[in-house]
Amino acid sequence: MASIAQQDISPVLFEDTSVAFASQSDSKLRKTYWLFAMMNQAWLVNLGTFFIKLALELRLPVKNLIRNTIFEQFCGGETITDCEKTISALGQSGIGTILDYSVEGEGSEESFEATTAEILRTIDKAAVSEHIPFTVFKVTGIGAMELLEKVQHKTELTTEEREAYERIRSRVNSLCSRAHTKGVRIFIDAEESWIQDVIDQLAYEMMNKYNRKQPIVYNTYQLYRHETLGQLKNAYLTAREKGYYLGAKLVRGAYIEKERVRARENECCDPIHKTKAATDNDFNAAIDFCLEHIEHVAICLGTHNEYSSLCCAHKMKKRGIAQNDQRVWFAQLLGMSDNISYNMAKAGYNVAKYVPYGPIDAVMPYLFRRAQENKSIAGQSSREYLLVKSEIKRRGISTM
């Protein structure tokens, strides 16, 4: 794909830190600076993760430290009510909120039912808030991964397992049905390849039921998998044939290390592209395909990649798609890539932040992943750190 010059599109200057950090006070900016300075050190991330896990297991009083550092940076609070301040602050900058109940499933039917009930509350909240354009859930939050894997591999199920799987389907349907009734769009998150096929089947079943008049249910497409682009195109053809809108959240992918370890252990084909360039090519090709068929597709780009964001903006302009067209959204995680989120929102594009929430103990697995991803994604912590450092310099304030 040809290089996209920023002057060729509506002005989106990702280097403009005055916009990216306008909502942060000097003290908050300093705290962000030191957090990313520490996360920029891989050894410190590994050491900190080890000791936080140990402290929590030993029930040491570390929750306030966590709450005032990494939790504050990447989470909206422990409850939906706690998130109100974040929802309002983002809304004032023209950025939507995607409430993400980030509690890991405990594996019991009771916990699956509790998680379903909480996600229903996020849907109800979105229905009455102008600042919450989407809701989201993971199927493994409302059902056992082991059971989903058995279903995907067509393993013969016991009577109890068949009943448990029907409860998963029922929970998925209850969430999508409530979203449809309330007019709230809902993402079904992507997960590991060994359960993704069955998640896809559930997503398309829901689209067939609830996307008849408008896109309500969105499936998630991980473009770091070499077969995903073809699957996206086939999903579009199926949607056209059956007469429903395709909702597509495009991401690169979040399970690369787990996928490759599993492929080695099972001596099977690695489903992940061999190079990042191949992933980037497929991601940008997916954008092109969806915009080409925008009359029947709605997309959200879940990306921290500046180039892909610019590519999409450029293609929108070329095709005469308005910046605020509700069929095209951009999304980033809270606490990351504010230079993309705030500058695109200021330029008139539809932008939302994933805002994770939940009890600190229960959300720690999510936070550990954020720390590891910032460490492992090439240049991610360095980029965040340098952007904050640039804004501190622009303001003429000290880091202390």
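Which way do H14 and H15 cross, right-handed or left-handed? Keep that in mind while you get your bearings: what you have open is a predicted model.

**Stop 1: H14 and H15**

Select residues 306–318 for helix H14 and residues 338–346 for helix H15. Their axes come within 11 Å, and the crossing angle is roughly 20°. Angles under 35 degrees count as roughly parallel, so H14 is roughly parallel to H15. As for the opening puzzle, the crossing of H14 and H15 is right-handed.

Now show the side chains. On the H14 side, pick Glu 306, Ser 309 and Ala 313; they meet Asn 339, Ile 340 and Met 344 of H15. Sorted by class, this contact has 3 nonpolar, 2 polar and 1 charged residues.

**Stop 2: H8 and H10**

Next, colour helix H8, residues 145–152, and helix H10, residues 193–210. The axes of H8 and H10 come within 8 Å and cross at roughly 75°. Since 65 to 115 degrees counts as roughly perpendicular, that is the word for how H8 sits relative to H10.

Who makes the contact? From H8, select Met 145, Leu 148, Glu 149, Val 151 and Gln 152. From H10, add Ser 193, Trp 194, Ile 195, Gln 196, Asp 197 and Val 198. By class, H8 and H10 bring together 6 nonpolar, 3 polar and 2 charged residues here.

**Stop 3: the nonpolar cores**

Time to go inside. Which two residues touch the most other members of the largest nonpolar core? Select Phe 137 and Leu 250: among the 80 residues of that core, they are the pair you want. Helix H10 supplies the largest share of this core, with 9 residues.

Zoom in on Leu 250. Skipping its neighbours within four places in sequence, you'll find Leu 250 in contact with Tyr 221, Leu 223, Leu 232, Phe 283, Ala 286, Ile 287, Cys 290, Cys 300, Leu 301 and Gly 302. Apart from this core there is another, of 39 residues; to find it, try Leu 29, Leu 35, Phe 36 and Ile 70, which are among its members.

**Stop 4: Glu 259**

Jump to helix H12, residues 256–265, and click on Glu 259. Is Glu 259 buried or exposed? Its relative accessibility is 2%, so Glu 259 counts as buried. Apart from neighbours within four places in sequence, Glu 259 is in contact with Glu 192, Ser 193, Trp 194, Tyr 224, Pro 271 and Ile 272.

While you're there, try the distance tool between the C-alpha atoms of Glu 259 and Arg 225: they are separated by 9.8 Å, though the two residues are 34 apart along the chain.

**Stop 5: Thr 97**

Now find strand S1, residues 95–101, and select Thr 97 in it. With a relative accessible area of 0%, Thr 97 is buried. Leaving out neighbours within four places in sequence, the residues in contact with Thr 97 are Ile 87, Leu 90, His 131, Ile 132, Pro 133, Phe 134, Lys 353 and Val 355.

**Stop 6: two loops**

Last, a look at backbone angles. Most residues other than glycine have a negative phi. Arg 59 isn't a glycine, yet its phi is positive, about 60°. You'll find Arg 59 in the loop between helices H3 and H4, and at 77% relative accessibility it counts as exposed.

Lys 154 also has a positive phi, near 55°. Look for Lys 154 in the loop between H8 and helix H9; at 72% relative accessibility, Lys 154 counts as exposed.

Conventions
Residues numbered from 1 in each chain as written. Predicted model: local features only at pLDDT ≥ 70, side-chain atom pairs only at ≥ 80, totals over all residues. Heavy atoms only, no water. Axes fitted to C-alpha atoms, helices over the stretch in contact; angles between N-to-C directions. Helix = DSSP H or I, 4+ residues; strand = E, 2+ residues; numbered from the N terminus. Parallel < 35°, antiparallel > 145°, perpendicular 65-115°, else oblique. Left-handed = near helix turned anticlockwise from the far one by under 90°. Contact = heavy atoms within 4.5 Å. Nonpolar A, V, L, I, M, F, W, Y, C, P; charged D, E, K, R; others polar. Core = buried A, V, L, I, M, F, W, Y, C linked by side-chain atoms within 4.5 Å. Buried < 20%, exposed > 50% of the residue type's maximum accessible area, 1.4 Å probe, protein only.
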